[in-house]
Structures are given as structure tokens and as C-alpha cells.
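Q: I'm new to this. Can you show me how to read the features of a structure, step by step?

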Amino acid sequence: MPLASPLPSPMALNRPQQSPSIFKKRSASGLGSGSPLPSSAASYLSALSQADARARSVSPTSTPALSLSSSVTSSSEDTILHEEEEDALMNSNADGLLLPTRPPNSAQVFSTVHTEFGHCANDKYRTTSQHKLGTPLPTHVEQDPPYYILLSTYVSYLILICLGHVRDFVGKRLSPSSYQHLMPQHGYAPLNSDFDSFYTRRLKTRMDECFSQPVTGVAGRTIMLLDRTSPDYNHTQLFTGTRTRALNISSYNYLGFAQARGGCADAVEESIKRYGISSLGARLEGGGTDLHNMGEALVANFTGMEDALICSMGFATNSTIIPALVSKGCLVISDELNHASIRFGTRISGASVRMFKHNNMKSLESLLKEVISQGQPKTHRPWKKILVVVEGLYSMEGTLVNLPGVLELKKKYKFYLFVDEAHSIGAIGPRGRGVADYFGVNPRSIDILMGTFTKSFGAAGGYIAGSKTIIDHLRVNGHSGAYAESMTPSVLTQVVASMASIMGVAPPDVPSKEIVHPGPVASASLPQWINLPLNLASGEEGTSRLRRLAFNCRYLHSGLIKLGFITYGHPASPIVPLLLFNPGKMNMFHKMMKQRQTPIVVVVVAYPATPLVTSRVRFCVSAAHTKEDIDTVLRACDEIGDVLDLKHGSVRGKDRWNVEQVIARAAELGSNDD
Amino acid sequence: MDGAPESLIPVLSFLEGPLSTALTTFNKIPGSAVILRYVKSSHQNDPGRTILELLLLIFAIRTLLQSRTRADRNGSHYIQFSEKEVDELVEEWTPEPLAAPLTPAEQSDLAAVPIIAGPNGPRPKLVSTGKTATNLASFNFSGLSSNEHIKQRAVEILRKYGLGSCGPPGFYGTLDVHMDLENDIADFLGTEAAILYSQGFSTVSSVIPAFSKRGDIIVADRAVNFAIQKGIEISRSTVRWYDHNDLGSLEEVLISIEKDRKRRRGPLTRRFIITEGIFSKDGAMVDLPKLIELKLKYKYRLILDETYSFGSVGRTGRGLTELYNVPASKVDMILGSCAVGLNSCGGFCAGSQIVVDHQRINGPSFVFSASMPALLAVSASEGINIIRNTPSIFECLQTNVHAARAILDKLDCILIPSHPVSPVIHIYVRTTDPVPPSSAKFNLTFASPKDTLRLNEFDVEERLLQEVVEDCLAQGVILTRAKRLKGQEMVEPKPSIRLALSSALTKKETEKAVSVLRNSLVKTFGRRR
Ligand SMILES: Cc1ncc(COP(=O)(O)O)c(C=O)c1O
């Protein structure tokens, strides 16, 4: 909707004299109360905050523990945009990133900044993330593209490789100085040989503009890029000094908790004031605080396990805890696509490692039969224990683990099960409790649940949850307890606040014993100084975020398929990979998305993170996206897909929809009942 | 075939027989005509293309055949079982429990770990007693933890960036504040560049495998910290150990490696010396100028872990390079911890541009992990700003170190292996019994993990030291034993109490707290004698 048109809210026209306006600078310079009617964008915002404040002031106070006052004061602040953006806002909203295309009516209350967490009030665009009992899990099918695509992909790589070698050959002779660091020098072997770095130098450099793009601000619904150019074919990158705001469908911000405003950020601010920045040391050496213990109890409660421990880095959670679980004489059976941190951990554990085909239960079972019957290599002694390590949601494929299948095998083959829920915790399941929640199985049938806070919770670090015996063992024997710095109070607070928002806080008069998993959290288990605003504490906002995320996932996933693309992964997965195949298309896709009227930033991944042929673009859907944002992405993909010849999916003919059809039937596509 | 030279004719006629049979069979395959026409016409258009396509085909077949999940059924040790036998074996197999319950000693140890209520700092409040106590356990060398300016900046940054970065550095996780901190560190130390990791402990175990691969040589101190040990392990390089902090022993090792290489005429491989600035195990300090001399002489690259020396020694806390007045560019990689040295979080590796850029693609815990929260990066930047402009912080810290050492050095019941200026002070129990002659060469403060006799002795000492720790805690001084993963370390260090002094305490407070420790030590070990 064009912004110049009259706004539906009458409040927009009478801008209050004493509004808690965000345009402080402007009022001072004479544009404030006495000036003529404010421009539409300004009035829009004030209408928003007005509607907001009014709606809040009449909402009932039910639970005394939850301070209402904080939500009122923050509501006016919540709609603040950063100063630098005022100008942009005054001029236009042509890219649709700063303001919603549809202004709110007075009944709709939004407490978030639209650029961080999009305003989307339509209840049609909500779904529940839940497995339908009795239905089979969609298997991971790797759809093949037409042969000419495969062929041209191989040819592309071949040309790249040949050209690279030719360039190296010629380059070493014509300009030896630029190869110096790859050659032995003054009796030192090169840190990086020309052979080892061939891929990086000759292939990755060509698309360096797709990687490591520096950004600033919140990695929310939109993100601010620091523009850069390269004068010398990506060998150096220079900043142009300008910035571009882009729609962010790349960050792991599944539930949209990456926010600089709102209840969680308020709690973090309070924690910085109370606790300072650091907790000064390892957990076992004087770096443990009451906040750590509370956080761990909350994580245990959230995941439905007996106990949990927290580690200050997600990668290190795997790499320092797995070695405390298995050692020489044990076997780790790992999915072939498991994350680098898992491989790191198993490698230093000293245990033997075997891999099975990605999410393939037949492959797992035949491997189990083989390893149990054969025992340890050479000696044939029985294995001490076997640990099967899988991920809940695979970060490159978007596949959900076949948890029912694995648990079935677990009964028969008596292995221990470790599920890395880095991407699935918070993002999957009707209550956001991960894959066990999604499939409706008891989390305690899994031995170890691991997850990270970097994704859905907008924080950092990771956790391990399991039985008390196991967790205590890991507290003492895991590497991080004794040696690694403990989590900082601010990060812990973000974890606690966002987790409590997903769970909802029970009224203080409910005894904590009566609360069963997966219920709300007892208010006594939270630090007393955390006053979540009512919408977060009631769990309403958390539920709405989960349902928005679930809708967005399914909508984007089904939409892309209907448009004729090849995608991987489970429809409920917030990770939606779209296959590109040809390496040249990655660069193009990335650039074309970024140069649209509404710039969109995407992640492209190629070999070695994926198999050689299946280069892809990976979308990470968030609850912060509105339905209109997904429309924007679908429109962009549709256009670019035609230009780059990407529509090779199995959906053909009449089943294929055009983009307008897809957008019009969004509610149907995004629902969970296909 | 008209163009073929005369001499080739017999060969060609010889080949004609088998070739024609091959052709006829090929022609029988459906679709072969199409392929043939395609090959012919493409060859006609551009002969080079045939070669290209052939190469391509080979390449494609190779990738298709490469499967990472192949079973090693054809190994010589494979035993063929029937389906029934397999089922029986599966039925019979009983795994060990995933984790053993804690021993009573471990349990009481875990229960005795002090938990801080509220902010940690020089005088925190304890959960157990509800009272404040003097903290000689937590790392707060420069006292930045209670700095109000840093807190205020952190809140500002929170309101601009939120908390988490929600992405690894490669995928929109690189913030301007990360780049600023990297520049600040490089500038502070005087190196070309620096790279940030999101956890201090994971930094070195990621840096080592990024550079040192199978076949490369690592020479390392026998008592390096756990993270270095793990980094060396995962790199799969050839490793040689030298005696703890004994540069003579290092030189011997370097000479023997050189001899070996000359004898075998092996290729030139990457070679690294890895050691720590101030050792986490005992607070000893490496003689950096001598070390650099050796590294240059034998052409090794030096990886120096300054976790406990960065932000703690030197006039402005730059670490060993400042203390010994050595240009930082002489050390190939300086690793430090923003968590320990700057009271924030994360770690860094500073070095040349090439060293840093290489890690951006090859450092596992850099590439595969989310970047650190913006407000922590800015806190570290502010920390650098403060310490570089306030040398008095480190003067005060040194005063405290002197004061503490003046009290402790007088005691005969203990032994302090730490360097006199190190704010990390380890306290060993002095054992009076003579050192067994067999281990004369081996440092008497370390035991090999197999030496059960020594280990039992260590257990006794450990319990006594824990008594001291708890006694002091009751008197309002927080101390900690150096916690180690027993049985996982390469060498078992003698048990110790580890003090971490802070400039946030006054000299008086430090002296008072250390006196409490002294009295408790005398009480415990005096009684024993
Ligand atoms: C499966 C898995 N485990 C662990 C991690 C590491 O988490 P963090 O980024 O918090 O270090 C990731 C992150 O990418 C992941 O995908």
C-alpha cells in the first residue's frame, strides 16, 4: 500500500502534543508539535505506538509477579527506529523493509520493531509444527536435475580446475612474488601449499563476495549490510562507506529473538547492570554463579530431561563433551552429514568412528549388525559401548532425523543415542521443544540431548541434557567444566528470558510440583529481577512465534516446490535449501537477490560443505518474517529461477503454479494438513 | 583414415578385427547411434572437446563411486556370520553404562565448588554463606569486571545489536564490532592482523589443526595446557615433547629432529614450536628471547599461548612480548583469551595477515561456530582501551603479586613453581622425601599417568589442599585448587592451589587474604609433620 494514502487509523491525524515520540531530534529542530501535519511515515509510527499504548493500558493484569509497568514504558520505546533510519523512513518505504505494507488497526498491538521482528497479525498465517501420528516421515530424496544440468555442472568445475592450473602454471613463472607464500621460503615450508589451497584460491575466491559479508545491527528480520566492492577480483574487499538494509533470510534467528528491543533485551540490560560482563573463569574454578545453576535447571525443564549443563560455545559443547562420553574401545556411529563439531569431538575422543548414509535407517541397521557382530577391529572384542550421534535437523539439507526409526533400532541394538538439536531446539515441535516434541515421543527415551543457544534463542553457547548421573559425570569430566570460561551473565539472561517466553511463566500461586513437562516454567525458577512483559510471560507471544515459524517454513517450502524448484528437506524445517547445481549460478543468484528493489541476502553453499554437484542456496526462515516477506522471497526466486533456469523440480504441468497463485493460496500451502 | 601415415597401416589393420566386433556390439545397444553421432559431430566441430568430455566422464564416474559410508566388508579380519548368528550376537551384547556415577571424592569436590550469588568480582557474595568474601580464585587481573563504563557501553551496544549474532562469521555473522576488536587487538599487540574466536578455550585447539597437518612436526612443552594437547592430537602431526620449560631440552630435540631429517632426506615440512607464555599448570614463564633465538636458528614457527599472560603481565598488559621487549612480529602466532585477559569472552590469534586469513577458512571452530555476541566484543575493545591507557593497573597488580609472594615465599611447607611476576600463583605441597633417582631427569612436579605410586601421593596432597581451600573459604577467602581432568591429561601435574591475583584488590586486602591462606597452610601441613 502506498504510504501517501490516508491511513485507516484516525489517531494518525491528531498527533499528540506530548507523544513519547521517537523523533526527538526532529522535534527539537522545529518539526515537532508545532509543525504542520507530520509526514505520513511519522504519523504512521505514532499511530502505532499510540495504538500500542492504549491496548496495553486496558489489558488486564493477572499475575502480580509480572510487572506491567515495564511493558508500558517499553512499548513506546519499542517502536523506536534508529536515528540513522529516520531519513530513509521519511522518504520512502519502497523496499517494504521499514514499515509493514498494511498498517495496523487500533485493535492490533505490535510490541516489536518491524525491521527486527515483522508485524503480521493475520491468524490465517499460522501453523503448528507437529508430526501427524501414523504418517510416514518423508524420506530424503535427492531429486536429480536433467542431465544437461549435471553435465554442465561437471564441465563448469572442470573448466574451473583446468583454468586454475593454467593460471597457477603461468602465474608462478610470470609473477613469482604473488606465489611466494605458497612456496618454501628461507628454509620454512609454506604454511599453506599451493596444492592444499587450490580450491580456496581458484574456486572460492571467485565468489568471495557471497561470503563473510560484514553487517551491523540486529540480525533480525532485516539486516544492515556494510557495502563493499573489490577492485581486484576479490583479492581485497574495500568498504564503500554506504549501507544497505536487506531482508534477512540467512541468519539462524528461527524464533526471532535477535532483538535489540523487547522483554528479553530489557532483561539482558538489567543483568548487565546487576552482574556485569563476565563471570571470570571456568565453572569449577570460581566462575560459577547462581545464574548458571538457574539456567541449567531451566534448560533441563525445557528439554524435559532430568538435568542439564551449559557451555559457553555451541561448537565446544560437542567438541569437549563427546570425549567425556566415549573413549578407546567405544564406537561412535555418526550420520555422514554430521556437523564439524561432532566430528571434532569424536576424533579427539579416541573412539572408533563409523558412518551411515544420511538419515537412512536401513544403512544404520546393517551397520549396527555388522559392528556388533564383528566387535572391535582385529581383536573382535565386544565394543564397550556404542553411541549413535545424529542431528535433529540437518543444517545443510533441512532433513529431520527419523527419530521414531532410530528409537526403534535403539530398542533392539542397545546403543546410546545422542541427538544434536542445534537447529531443531526451539524451532521444531508444537511447543518448540525439538524433535522429540515434534514426533510426540518422550525425550527421556533419548540418552543425550545437545543443543545450542545461538539459533532459536538469539544468544550464544550450548547445552547438554540427560540423566543426573550423566550430567554430573560430564560436569566433572567434560573439558569445559575445568578449563573453559563459563557463560557470561548477559548471554545466560538472554537464554533464560527467551526460553521462559517460549514456555510461558506459571502464576506464582501454582506450586512448581504441579507443573509437568512440557508446561510453563514456575516463576520461582526464574531470577526475581527478570520482569517479562505480559505478552511474553503469558507464553502467548512464544506460541505465536512458534506458529508463525511453522507457517513460514511450510509456506516457503511448498511454495518453492509449486513454482517448480528442486528443494531438499522436511516441509516443517526452517532450513529450506534450493538447489542450484551450477557453481556459476551461485554468484548470480546471490547478486540478483541482493540487487532487487527489496534486497534479500541469502547464503549459498557449495563444495566442500555439500557434495560437488549439489551447490545450493539455503534459506533460514524465521518467525520474524511476515507472510509478505515470504511472498517477496518467492517472487524473487520465481523471477531469478526463470533467468537462471532453476525450475527442474518434479512438479510439472498443471501442478505447477505461477507465483500469483502461490501467494494467493498461501494459507493452504502453509498448513500442516497436506 | 586417409591421413594416416604409411607406417601405421599394419597396426590399424591389426586393430580392425576386434574393433569391428566391438563396434557391432556397441551398435546393438539401444540409443548408441545417437551417442555415436553426438561424439562424431562434436569431434568434428572441436577435437579438443572430445578429450575434455572424456576427462569429465572419468571425473564423474569417480565422484559417483566415492561413497563415504562404504563398509569394510572385504577387510582381512572380517568374519562371515549367518543372519541367526548376528541376531544372537546382538542379543548377547551388553554395553557398559554411558557414564559412571561420581565417586564420593568427586561428589564432595563438586559440592565444594564455590557458587557466586550476583556479580563476580574482587569481593563477591557466596551462595552458600550469603556473605561476601575476598576472591583469589577468579581471573580478574586488571579488575575490568566492575568497570561501570564498560557496562554502560555494553548496554548501548545491546540496544543497537541485540545479543546473539545468529550466524557463523562466513554467513552474515561478521559484525563491524568484531572487525574493530580484531583491529584493536592487532594494534595493541603490534601484529599485522588478528582473528577472533568465540571461546578462549577452543581457540588453540582450532588454530593448531588449521596449520599443522599429518606429516608436519610439532615440538611442544611436556606440560602444555589441555587445549593445546587436544589441538596437537587432532592435527595428527608428528609430535616431539621437550622437558617442561627447559629450553636446553628443547634445543636437544630440535637438533635430533634436524639430524633425523638429514639422514632420511625427508621433504621440508611445516615445523612448529608450541608452548605457553605463563603455563596454566604451574604459572612458570617461558624465556621468550631465548625461545625466539632457537626458533629462528632452527627455522620453526612459534605458536605461543598467552592465555594467562595477555592482560596480566607487561607494563600495559600486552603479555610476554612487552615484558621481554620483543617485537610481536617475531612470534608467528600469539594466542590470547579475551575472557581471561579482558574479562569478556572469546579468544584470539594474532599474527601476520597470511596466518589470519588462512584461519578464516580453515579454523574449524571459527568457520563452524557462531561469532561472539556484539556486546562482548565491544566490552573487550573497551577493555583494551582502558588497559593500554592505564599502566597503573599493572603496577598495582605487580604490587599485589610482590606482597603475596613475600608472604608465601617464607613458608617451608610449600613450593611455588610460578614465576615471580606471574599473577597466577600455584602452590604445591613441599614433599620432603628424596626424589627417586629414576625420575631425576623428569621434572619432579609431574607424574606420568601410569605412575600409580606418585598418583596416590598426589591424591593425599589433593585432599589436604582441599582442606586448606575450605578452611580459607570459612574465613572469607575464596580459593580454588587447580582443577584438572584426571586421567585425561598427558602428564599429571602435582596438585596445587591456584591463586589469581587482581588489581581490583588493594595491597592490604591481598596481604590479609594471603595471610589467611598462610595460616591455614601452616596449620594443615604443620600438623602433618
Ligand atoms: C549441528 C550443529 N552443532 C553445533 C553447532 C555449533 O554451534 P555454535 O554456532 O553455537 O558454536 C552448529 C552450528 O552451526 C550446528 O549446526
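A: Sure, let's start with a term: a polar contact is a pair of N or O atoms within 3.5 Å; within protein, one must be able to donate a hydrogen and the other to accept it, and residues adjacent in sequence count only if both atoms are side-chain atoms. Keep in mind that this is a predicted model, where local features need pLDDT of at least 70 and side-chain atom pairs count only at pLDDT 80 or more, while totals for chains, interfaces and linings use all residues. Residues are numbered from 1 along each chain as its sequence is written, chains are lettered from A and ligands numbered from 1 in the order in which they are written, and side-chain values use heavy atoms, with hydrogens and water left out.

Q: How many residue pairs are in polar contact across the interface of chain A and chain B?

A: The rule finds 45 such pairs, both residues being at pLDDT 80 or more.

Q: And how many salt bridges are there across that interface?

A: A salt bridge is a side-chain nitrogen of Lys or Arg within 4 Å of a carboxyl oxygen of Asp or Glu. Here the rule gives five between chain A and chain B. One of them joins A:Lys412 to B:Asp87, with the closest N and O atoms 3.9 Å apart.

Q: How many residues of each chain are in contact?

A: Contact means heavy atoms within 4.5 Å. By that rule, 133 residues of chain A touch 121 residues of chain B.
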